[in-house]
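Dear colleague,

I am handing over the structure we spoke about, and below it you will find my notes on what turned up when I went through it. Please read them with the coordinates open beside you.

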Amino acid sequence: MSTVVDELGARLKTYEGRAAAVAGRGKDPVNEPMIRHWCEAMGDTNPAYAGPDAVAPPTMLQAWTMGGLSGHTGRTGAYDELFDLLDEAGCTSVVATDCEQEYLRPLRPGDEVTFDAVIESVSDRKTTKLGTGYFVTTRMDVRVGPDLVGTHRFRILKYAPARQKQKIRSARRPRPVVNRDNAGFWEGVERHQLLIQRCTDCGTLRHPWLPGCNACGGLDWDTVEASGDGTVYSYVVMHHPPFPAFDPPYAVGLIELAEGVRIVSNVVGVPYDKVRIGLPVRLEFQRYDDEDGPLVLPVFRAQEGREGEVG
């Protein structure tokens with residue numbers, strides 16, 4: 001068995017350095033409407049992304065190279081061949097693990113983007129909690145004319161799923177990642193307060209919490225407590241994959257608070273198929289207890305008697 005696996009790894013290694021896309025071309029030039037949509041979705045009000053001298057947000061780098069459902073004509077067969085080998089070996093599942101971007105100059109409306117991609121590396125066989133497989137890293141070089149403007153590395157794990165345990169010991173709810181930038185927010189939640197950051201230089205409110213203001217760049221801030229009123233700005237209904245601590249289907253909403261900022265949370269108090277954009281909601285705090293200890297989370301309950309006002 002180990003010999004077969006070693007042979008597979010050796011075959012996969014032969015794809016390192018092979019092109020995954022050659023002379024690919026962005027389907028649209030860098031353009032103001034896409035920049036505006038991106039900034040609205042991200043809540044980014046940086047003035048550098050609007051006006052006659054606008055530049056595109058650097059993190060949009062990959063957006064200009066995406067091929068959509070029809071794909072790109074410049075794609076080679078090497079990447080598909082690599083995946084076929086992994087599928088045949090039982091590595092039928094895939095999960096993105098991380099990406100890394102380097103920005104060499106800003107992109108501006110009207111720029112025509114071209115790109116080349118290469119299979120940069122295939123790891124040795126790795127065993128993770130998800131299963132056993134290989135990490136595959138691709139690197140995309142993005143250009144405008146002859147100039148390299150950015151690099152995008154994307155790493156996935158292609159693996160054979162591990163066998164599930166017959167019985168899960170307990171339904172443990174995932175814990176939020178708490179760091180020095182957002183610790184104050186979670187401390188407020190424990191006190192049943194939803195705190196919003198406010199820049200003390202320009203007064204702009206922001207959420208999620210950030211170390212600096214995305215409007216003026218100021219580093220000083222204080223907080224205001226949210227009133228708790230809001231509406232559903234957008235939402236998705238989660239059906240799959242199932243997790244032990246959740247009972248799908250359930251609605252996850254992007255809630256626009258009365259103060260103007262948005263937060264992602266569960267919509268409760270109404271069936272998932274009755275959630276609608278514009279639905280009025282009210283903040284409440286739910287406590288969950290399991291073997292990891294108590295956990296308090298903000299959720300948003302549909303206001304009674306008002307579900308029929310939308311839809």
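To begin with the contacts between charges and rings, the charged end of Arg 173 sits over the ring of Tyr 288, at 4.1 Å from the centre of that ring. A second case is Arg 262, which lies over the face of Tyr 233, 3.7 Å from the ring centre. Please keep in mind throughout that this is a predicted model, and that the values I quote are computed from it.

Turning to rings that meet other rings, the structure holds 5 aromatic pairs. One of them is formed by Phe 185 and Trp 209, whose arrangement is edge-to-face, with 6.3 Å from centre to centre and 65° between the planes. Because Phe 185 belongs to helix 4 (residues 183-190) while Trp 209 is in the loop between strand 8 (205-206) and strand 9 (221-225), this pair ties together parts that are 24 residues apart in sequence. Phe 185 has a relative accessible area of 6% and is buried, and Trp 209, at 9% relative accessibility, counts as buried too.

Trp 209 also forms an edge-to-face pair with Trp 221, in which the centres are 5.1 Å apart and the planes stand at 65°. Here again distant parts of the chain are linked, since Trp 209 is in the loop between strand 8 and strand 9 whereas Trp 221 is in strand 9, 12 residues apart. Trp 221, with a relative accessible area of 35%, is partly exposed. Taken together, Phe 185, Trp 186, Trp 209 and Trp 221 form one aromatic cluster.

Another element you may wish to look at is helix 3, which spans residues 78-88 and in which Ala 78, Tyr 79, Leu 82, Phe 83, Leu 85 and Leu 86 are buried. These residues cover an arc of only 155° around the axis, and therefore they are on the same side of helix 3. Just after helix 3 comes Gly 90, which takes a positive phi of about 95°.

Lastly, is Ser 123 buried or exposed? This residue is in the loop between strand 3 (113-122) and strand 4 (126-127), and because its relative accessibility is 16%, below the 20% under which a residue is called buried, Ser 123 counts as buried. If its neighbours within four places in sequence are left aside, Ser 123 is in contact with Lys 13, Tyr 134 and Phe 135.

With best regards

Methods. Residues numbered from 1 in each chain as written. Predicted model: local features only at pLDDT ≥ 70, side-chain atom pairs only at ≥ 80, totals over all residues. Heavy atoms only, no water. Buried < 20%, exposed > 50% of the residue type's maximum accessible area, 1.4 Å probe, protein only. Helix = DSSP H or I, 4+ residues; strand = E, 2+ residues; numbered from the N terminus. Arc of directions from axis to C-beta. Phe/Tyr/Trp six-rings, centres within 6.5 Å; stacked < 30°, edge-to-face > 60°. Lys NZ or Arg CZ within 6 Å of the ring centre and 35° of its normal. Contact = heavy atoms within 4.5 Å.
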